[in-house]
Amino acid sequence: MKSISQSNKEKICELCGRSFEYRKKWEKNWDQVKFCSDRCRAQSKGASQKRITEFKIKIVDLLQLRSTGKTICPSEILQDDEKQDVKVMEMVRQAARLLVSEGVIEILQKSKVVDPSDFRGPIRLRLKS
Ligand SMILES: [Zn+2]
């Protein structure tokens with residue numbers, strides 16, 4: 001049996017962008033595992049994956065319109081009627097987490113960079129310099 005090296009024990013979920021750790025149930029196919037949970041895997045097949053990709057593009061577009069070092073509130077990329085939608089807002093956060101894992105942006109709270117897998121409450125986004 002192939003052993004899993006220490007550095008390979010953590011991955012970034014391709015849907016929600018949260019980091020997740022190797023688990024015993026994945027010992028045979030860890031190389032192919034892309035999602036942290038069945039929920040994320042199921043969602044990845046639906047429309048939400050498409051919307052998250054759109055949100056990623058919108059976030060980067062909007063940030064590039066701002067001057068260097070400026071931040072945006074994630075809800076700025078949404079239409080007014082979407083801003084109250086908890087599910088839509090979570091997709092925007094997922095898009096933001098993925099952009100962090102790709103090294104494109106940073107997530108900030110009170111002007112400090114936070115761990116994309118572990119934050120609560122309002123956030124702002126900034127292009128990584
Ligand atoms: Zn996930």
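Two strands are taken to pair where DSSP finds at least two bridges between them, and with that in mind the tour of this predicted model can begin at its sheet.

Select E3, E6, E4 and E5, which in that order make up an open sheet of four strands with antiparallel pairing. At its edges lie E3 and strand E5 (112-113), each of which pairs on one side only. Next, restrict the selection to strand E4 (residues 105-109) and strand E6 (residues 124-127), where four bridges join the two in the antiparallel sense; within this pair, Ile107 has Leu125 of E6 as its bridge partner.

Now add helix H2 (residues 47-65), which packs on the sheet and touches E3, E4 and E6, its direction making about 70 degrees with that of E6. Helix H3, to be added after it, also packs on the sheet, with E4 and E6 as the strands it touches and a direction at about 125 degrees to that of E4.

From H3 (86-101), step back into the loop that links it to strand E3 (71-72), and select Lys83 there. Is this residue buried or exposed? Lys83 counts as partly exposed because 15 other C-beta atoms lie within 10 Å, whereas a buried residue would need 20 or more. Leaving aside residues up to four places away in sequence, Lys83 touches Ser75 and Leu78. A distance drawn from Lys83 to Lys24, C-alpha to C-alpha, comes to 39 Å, with their positions 59 residues apart in sequence.

Finally, show the whole protein chain, whose three helices and six strands follow the pattern β-β-α-α-β-α-β-β-β along the sequence, and whose C-alpha trace spans about 50 × 30 × 25 Å along its principal axes.

Conventions: Residues are numbered from 1 along each chain as its sequence is written. This is a predicted model: local features need pLDDT of at least 70, side-chain atom pairs count only at pLDDT 80 or more; totals for chains, interfaces and linings use all residues. A residue is buried if 20 or more other C-beta atoms lie within 10 Å of its own, exposed if 12 or fewer, and partly exposed in between; C-beta atoms are placed from the backbone. Two residues are in contact if their C-beta atoms, placed from the backbone, lie within 7 Å. Axes are lines fitted to C-alpha atoms, for helices over the stretch in contact, and angles run from 0 to 180 degrees between N-to-C directions.
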